[in-house]
Amino acid sequence: MEFGQLPEVYVSPSMEFGQLPGFRFHPTEEELLDFYLKKMVLGKHFCSNIITFLDIYHHAPWDLPGLAKTGEREWYFFVPRERKNGHGGRPSRITATGYWKATGSDRPIRCLTDPKRLLGLRKTLVFYTGRAPKGCKTDWVMNEYRLPTACSLPKDIVLCKIYRKATPLRVLEERAAMEEVMASQITSSYPLLEEDVYSFYNQQMNFMQDFVEEVEEK
């Protein structure tokens, strides 16, 4: 090898894109719907080595980063939709540790160059530990992308982006202080049944989460 000549780097054909040096996966919403999800639904699995096909509702959200093929702060998955009562029912989003709860209404995603063209819909969900309606809100968030319902699709698959909502240091410190207060209230109170302690804990955690959101908005 001559002086100044860089050595050749062997790249295995089986190496996934997420393992390549310098590779970053930051697709736009239009690319997620009109390219990746549409290709997967139509049976073109060439992008399966970038986005994992996984039933995420069999896993806790904090386990999903380790199951994704790429991603540092955002993790993407192709997810089959399982409905509560067969075809036509609402999708089931319950896990062993909690459930995903939708926030607000679905947002239509349109083509930037042709605003009249509807690419799909985005649903935002937040993960709660426990069981509804007494679940405890977490900072895990999901954006679920699906193709328009008017389309005749061979497969009922959605594309999900999982991430954690950023929390400022000041909010973390206030949260820790409130947790100490909650712990002291529980230990100093009279003996409670297990279900009473669980209910009290969830009530306090929900109150704390509402307080944190108010602080973040200021």
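**Exercise 1: Tyr 36 and its ring partner**

Work out whether Tyr 36 is buried or exposed in this predicted model, then classify how its ring sits against that of Phe 35.

*Solution.* Start with Tyr 36: its relative accessible area is 14%. Buried means under 20%, so Tyr 36 goes down as buried. Now take the aromatic pairs, of which the structure holds 7. For Phe 35 and Tyr 36, the ring centres are 4.9 Å apart and the planes make an angle of 85°, so we call this pair edge-to-face. Phe 35 has a relative accessibility of 35%, so Phe 35 counts as partly exposed. To finish, widen the view: Phe 25, Phe 35, Tyr 36 and Tyr 76 make up one aromatic cluster.

**Exercise 2: A pair across two strands**

Classify the ring pair Tyr 99 and Tyr 128, and find which strands the two residues lie in.

*Solution.* Geometry comes first. The centres of the two rings, Tyr 99 and Tyr 128, are 5.4 Å apart with planes at 10°; planes under 30 degrees apart count as stacked, so that's the label here. Next, place them: Tyr 99 belongs to strand β3 (residues 98-102) and Tyr 128 to strand β5, so the pair ties together parts 29 residues apart in sequence. Last, check the accessibility. Tyr 99 comes out at 11% and is buried; Tyr 128, at 13%, is buried too.

**Exercise 3: Following β6**

Which strands does β6 pair with, and how covered is β6?

*Solution.* Take the β5 side first: 8 bridges join β5 to β6, and the two run antiparallel. On that side, Arg 122 stands opposite Tyr 145 in β6. The connection is a hairpin with 6 residues between β5 and β6, and Gly 130 in the turn has a positive phi of about 90°. Then turn to β7 (residues 157-164), which is joined to β6 by 6 bridges, again antiparallel. Here Met 142 has Ile 162 in β7 as its bridge partner. As for cover, β6 (residues 136-146) is mostly covered, with 10 of its 11 residues buried.

**Exercise 4: A leucine in a loop**

Where does Leu 112 lie, and is Leu 112 buried or exposed?

*Solution.* Locate the residue: Leu 112 is in the loop between β4 (107-110) and β5 (118-129). Then read off its relative accessibility of 75%; the cut-off for exposed is over 50%, so Leu 112 counts as exposed. One more step, for contacts along the chain: the C-alpha atoms of Leu 112 and Glu 30 are separated by 8.0 Å, although the two residues are 82 residues apart along the chain.

Terms used: Residues are numbered from 1 along each chain as its sequence is written. This is a predicted model: local features need pLDDT of at least 70, side-chain atom pairs count only at pLDDT 80 or more; totals for chains, interfaces and linings use all residues. Side-chain values use heavy atoms; hydrogens and water are left out. Helices (H or I, at least four residues) and strands (E, at least two) are DSSP runs, numbered from the N terminus. Buried means under 20% relative accessible area, exposed over 50%, partly exposed in between (1.4 Å probe, protein chains only). Rings of Phe, Tyr and Trp (its six-membered ring) pair if their centres lie within 6.5 Å; planes under 30 degrees apart count as stacked, over 60 as edge-to-face and the rest as tilted. Two strands pair if DSSP finds at least two bridges between them.
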